[in-house]
Amino acid sequence: MADVELRKISKSFQNLKVVHDIDLEIAEGEFVVLVGPSGCGKSTTLRMVAGLDRPSGGEIHIGGRLVNDVQARDRDIAMVFQSYALYPQMTVAQNMAFGLRIRKVPDAEVTQRIARVADILDLSELLQRKPHQLSGGQRQRVAMGRAMVRQPKVFLFDEPLSNLDAKLRGKMRAEIKKLHQMVATTTVYVTHDQVEAMTLADRVVVMNKGRIEQIGPPNDLYHEPASRFVAGFIGSPGMNFFKCRLEARGDRLAVVLGDGTALAVLASRTARYTGHAGRELEFGLRPEHITEQRERPDSVDIKVPVEVVEPMGMETLLHVLVAGAEVTARIDPAATPKPGEMATLSLGMAHMHLLDLESGKVL
Amino acid sequence: MGPTRTWLLIAPAMLVIGIFMVLPLFLAVAYSFMTANPYGGVTAPATFDAYLQFLYQRDFDDSLVFSPSYALIILRSIYLAIATTIICLVLGLPVAWYIVCQTPERRRILLFAVTLPFWINTLIRTYCWILILRDEGLANGALRHAGIISDPLPLLYNDGSILLGLVYTFLPFMVLPIYSTLERIDPRLIEAAHDLYAGRAAVFRRIVWPLARPGALAGATLVFAPALGSFLAPDLLGGGKKLLIGSLIQMQFTSSRNWPFGAALSTVVTVVVLTVFVIRSRKAQEDLR
């Protein structure tokens, strides 16, 4: 096991800079997820850690050793590829043994390690099969097994679950988490799926356009996003945003929406926002903080027309119009109104965010 | 689709194959068991003479005398075809690999370059080698000019020049099928191998070669079969001194006027090539399993 440290890592392809001076420290045994939309540079960053791409600038340290000039095969990291990259001409056992054979690990130990990992991953019955005889989920497990038998310093996962169907993805996600709790090897995991990021990570690194937007534990990112990008990317359905104007009303502040609706800001937030009074800003609120009418001291009620009703069973998603903007609310299924009706909804102002329109930063 | 329509769609192809391949093949086999007509063509009666001619010559008193000269020509042809195949493989695999590693744009250009010789008549291309290799040719001229030699090297009219001509003619048939198999390899397979401690040699031996093998086998048959029956390169570059099967067959139907022997030789070539095909497809099936 080892820690991983990226210092001012950048990567350009020809004239296109895809990764901009990234700094990231990953502690020994930590599970870090790089998440972001496609083209955000997360896979390129992972490939640089793996040694498959060379950084254009900066330093990569694994276990305290500078590895910029160290070949992939000498880094002692194990990568799991999105396409699994299993060798079609080899059996499951041969695939898993491949790295060990090249390292000239004695036969007895190879057999023993494969047996142990196959047992953990439930592959024992499949060892003599060829990859084309396996299902997607089984191939994925073989790819993980091939990495695990090596007992590497660091595991790298490049979107390992994106080729699986939703149900299997959920199952494998839990498997990966369980495995990490068991072996606790330093892991860097790349995905575009924020649910995977939230559920798996000790710390999530949100990337956008080759830069790190925010680093933090999943719940911090969810509740205290640093920017509009993170606020919109993490959580599903995404956060609602409204154009607004922050106005001083006596010694209190109020968020005034486009149609003149004034939402009183909690007194506890006055100090934080008071400097921005009079500015045009953006008001952000997650769907679960727009609910059916509830008697709570921190909530403000509004009356809005219902556009679409989506019953999900445990909750109902409501698409409503607030000040001309379409907004998603999550309400109690018992309180479901009908499309076209007016509904009274409560806004949980304790969870509000105010964002700078230009920089997109959360204030 | 009904069976009638299926048949209608297959019929033209079957007809072409039947008239232009199966029938001539059948005729060749049939002719090989006939007696030669001294004015060309064949006459009755049916005999095995043509096949006996491979190993024996009929003496004046009608007794058979062992004579290995034809058998040697056949063996030498097979040997040269095998050598051609091996050289084409050794040259073709790196070329195919190099092309696969290029950007899509450059791949198109390079593939076009590989097929470029097909646009020029084989006879002309082969004849060019005479101009290059002969005593007063480009190669000897250049060497003499550079002061490396004073007397011209005997570059033409030997097994080496025949081999050169064969390799030159058939190399694209090796490059193209290998390229098409290599092109389908997921580049992640190579990256994964590097990740799994493999160096370049190990990647080639354990990953690239096993995956390229079906293409190499296809290429080997595509080179071996025509190389075995080829007569242009042996005739022009071998100077007609060193006979190969192809030239021998051609002679039987022209100057020698011994159609049954020519037909028997053709049959032997066909049998050898078919044997290679059968072995190959068996092997390909094993690879699939």
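A residue is called exposed here if 12 or fewer other C-beta atoms lie within 10 Å of its own, buried if there are 20 or more, and partly exposed in between. The model to which this is applied is a predicted one.

By that criterion D122(A) counts as exposed, because it has 12 C-beta neighbours inside 10 Å. This aspartate lies in the loop between helix 3 (107-121) and helix 4 (136-148) of chain A, and its phi is positive, at about 65 degrees, although D122(A) is not a glycine. A positive phi near 50 degrees is also found in Q151(A), again a residue other than glycine, which is placed in the loop between helix 4 and strand 7 (154-158) of chain A. Q151(A) has 14 C-beta neighbours inside 10 Å and therefore counts as partly exposed.

Another backbone feature belongs to the loop between helix 8 (228-233) and strand 11 (240-249) of chain A, where P237(A) lies; the peptide bond leading from S236(A) to P237(A) is cis, with omega near -5 degrees.

Further along the chain we come to an open sheet of five strands in chain A, whose order is 15-19-16-17-18 and whose pairing is antiparallel. Its edges are formed by strand 15 (290-292) and strand 18 (325-331) of chain A, each of which pairs on one side only. Neighbouring strands of this sheet are turned against each other by 50 degrees on average, when direction is ignored.

The sheet can be followed from the edge at strand 15 of chain A, which is joined to the antiparallel strand 19 (residues 342-348) of chain A by three bridges; here I290(A) stands opposite L347(A) of strand 19. Elsewhere in the sheet, strand 16 (residues 299-311) and strand 17 (residues 316-322) of chain A run antiparallel and are joined by five bridges, with V308(A) standing opposite H319(A) of strand 17. These two strands, 16 and 17 of chain A, form a hairpin with four residues between them, and in its turn G313(A) has a positive phi of about 100 degrees.

Strand 17 of chain A is in turn joined by seven bridges to strand 18 of chain A, the two running antiparallel, and within this pairing V320(A) has V327(A) of strand 18 as its bridge partner. Strands 17 and 18 of chain A likewise make a hairpin, this one with two residues between the strands, in which A323(A) takes a positive phi near 50 degrees.

Definitions and conventions:
Residues numbered from 1 in each chain as written. Chains lettered and ligands numbered in written order. Predicted model: local features only at pLDDT ≥ 70, side-chain atom pairs only at ≥ 80, totals over all residues. Pairing = 2+ DSSP bridges. Axes fitted to C-alpha atoms, helices over the stretch in contact; angles between N-to-C directions.
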